Amino acid sequence: MNTQNTPVHIKLWHREFWLMAISSLLLTMSVYMLVPVMPQWLMHTENFTPEETGWSMGVFALGLYLFGAPCSWMVQRFRRNVICMHAVIAVGLATGLLWYIDDLRSEFVEFWIILLQRLVLGAAFGLAQMVLASTLINDTCESFQRTEANFSASWFTRFALSLGPLAGLVAYQFGFHVVLVTTMVLAVVSLLLIRLVKFPFRTPEEGVHVMSLDRFFLPHGFVLFVNLLLVSIVVGLLLSLPLQPIFYALMMGGFLLALLAQRFVFRDAELKSEVLTGLILMLAALLILHGYPTSPVAPVFVGLGVGVIGSRFLLFFIKLSRHCQRGTSQSTCFLGWETGISLGVGLGYLFFYKQPDMLIYTALALTMAALLMYHFFTHSWFVRNKNR
């Protein structure tokens, strides 16, 4: 199916779906609030070097994979909503460790403690989102609505890319402890929203292996994964820049424009056009940032480009999946996105701290590589291998 359009079913937007989508938004915001402010706290309060800060932010990507292989077994062995809630609790506790550290002004925190905290946070967040997006949201809707449900719910987490850092920067004006308390509150509210939804008991399947790729990674989607990773690393590099709150507010405007563009501009357009347009917009945004860093156009272009690229790649992953692999395809897309952002933020502090020109040049090179890869290889490969 080469249509650009995703049908809208009003009946999808019922109470349970709203609760799951908002829960996903709040949970993702609680993690993204730390992205622009935690590095500042590490360097200015805890005396971390930019290199140590880069490793601390980047190790989050490794944590995302820790519970991926046993995820399917855990969902089958225990109640899926209980697994998700325990993971959300772990997100709040990992953030609470930072609050405890920030309160101990008598000594500086050890580097390995922060590495462990970020690793645990990544593991808890990865498990929570893999279960939430690949299982719980699907359980709240009819089978014929699931593609639209996945598409719509992904926009809520995408909004967190702007709303999370924006909230973090605003809260940081009152102190890092305010940021931490806010993130914990968001995690608690996310937990309560999940508890409000009743999920029917499902009999566990027989012969489920403790370690598997089910609900974790789609091997035959590796090409899409790499292409998405290139794009998300660029986004992470941008997030490592000292951006002002207005940048994230304007990025949110770009996301809203992307929603309108998908509904009206790309409705009947050629399938390849959406990703290519998004990458061209990102190239334009990077060039504008290089020449005019305070331009209000650049963040709008970033949001518009990221919005159309992210949602289209998610649909590509779903269309690549075979029977009973819908959840696996979503987890793969999630991992490609979050891994790239975490690596991008880490690399930004590790190699490009206070070198914005070199960061922009690197981001331009990666974006051009993503565009060429998609245009000359990925798209045709996807058309040959899609299953839906």
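**Questions about a helical model**

Colleague: Let's begin with one residue: is arginine 215 buried or exposed?
Modeller: The relative accessible area of arginine 215 is 15%. Buried means under 20% relative accessible area, exposed means over 50%, and partly exposed is in between (1.4 Å probe, protein chains only). At 15%, arginine 215 is therefore buried.

Colleague: Before we go on, what kind of model is this?
Modeller: Residues are numbered from 1 along each chain as its sequence is written, and side-chain values use heavy atoms, with hydrogens and water left out. Local features need pLDDT of at least 70, side-chain atom pairs count only at pLDDT 80 or more, and totals for chains, interfaces and linings use all residues, in a model that is predicted.

Colleague: Back to arginine 215: what is its phi?
Modeller: Most residues other than glycine have a negative phi. Arginine 215 is not a glycine, yet its phi is positive. Arginine 215 sits in the loop between α9 and α10 (222-239); helices are DSSP runs (H or I, at least four residues), numbered from the N terminus. The phi of arginine 215 is about 60 degrees.

Colleague: Asparagine 47 also has a positive phi. Where is asparagine 47 found?
Modeller: Asparagine 47 is another residue other than glycine, with a phi near 60 degrees. Its place is in the loop between α2 (34-44) and α3 (50-58).

Colleague: How many residues of helix α1 are buried?
Modeller: Helix α1 runs over residues 15-32 and has 18 residues. From first C-alpha to last it reaches 26 Å, close to the expected 26 Å, where the expected span is 1.5 Å times one less than the number of residues. The helix is mostly covered, and of its 18 residues the number buried is 14.

Colleague: Which residues does tyrosine 32 of helix α1 touch?
Modeller: Tyrosine 32 is buried, with a relative accessible area of 3%. Its C-alpha is 20 Å from that of threonine 45, which is 13 residues apart along the chain. Contact means heavy atoms within 4.5 Å. Leaving out residues up to four places away in sequence, tyrosine 32 touches Ala160, Leu161, Gly164, Pro165, Trp337, Glu338 and Ile341.

Colleague: And which residues does leucine 193 touch?
Modeller: Leucine 193 lies in helix α9 and is buried at 15% relative accessible area. Its C-alpha is separated by 9.9 Å from that of methionine 85, 108 residues apart along the chain. Not counting residues up to four places away in sequence, leucine 193 touches Leu19, Met20, Ile22, Ser23 and Leu26.

Colleague: Which helices each supply at least two residues of the nonpolar patch on the surface?
Modeller: Patches are made of residues with over 30% relative accessible area and no salt bridge, with like charges joined within 9 Å and nonpolar side chains (Val, Leu, Ile, Met, Phe, Trp, Tyr) within 5 Å. Leu97, Trp99, Tyr100, Leu104, Val181, Val185 and Val189 form this patch, with about 580 Å² of accessible area together, by the Shrake-Rupley method with a 1.4 Å probe, where for residues only the protein chains shown count as cover. Leucine 97, found in helix α6, is partly exposed at 34% relative accessibility. The helices that each supply at least two residues are α6 (80-103) and α9 (176-195).

Colleague: How many salt bridges does a search of the whole structure find?
Modeller: A salt bridge is a side-chain nitrogen of Lys or Arg within 4 Å of a carboxyl oxygen of Asp or Glu. Arginine 15 and glutamate 16 meet in one, at 3.6 Å from N to O. In another, the closest N and O atoms of glutamate 274 and arginine 312 are 2.9 Å apart. The search of the whole structure finds two.

Colleague: Which helices hold glutamate 274 and arginine 312?
Modeller: Glutamate 274 is buried at 1% relative accessible area, and arginine 312 is buried at 2%. Their pair ties together parts that are 38 residues apart in sequence, because glutamate 274 and arginine 312 lie in helices α12 (residues 273-291) and α13 (residues 297-320).

Colleague: Last one: how far is the sulfur of cysteine 71 from the closest cysteine sulfur?
Modeller: A disulfide is a pair of cysteine sulfur atoms within 2.5 Å, and by this rule the count is zero. Cysteine 71 is buried, at 0% relative accessibility. Its closest cysteine sulfur is in cysteine 84, too far for a bond, at 9.7 Å.
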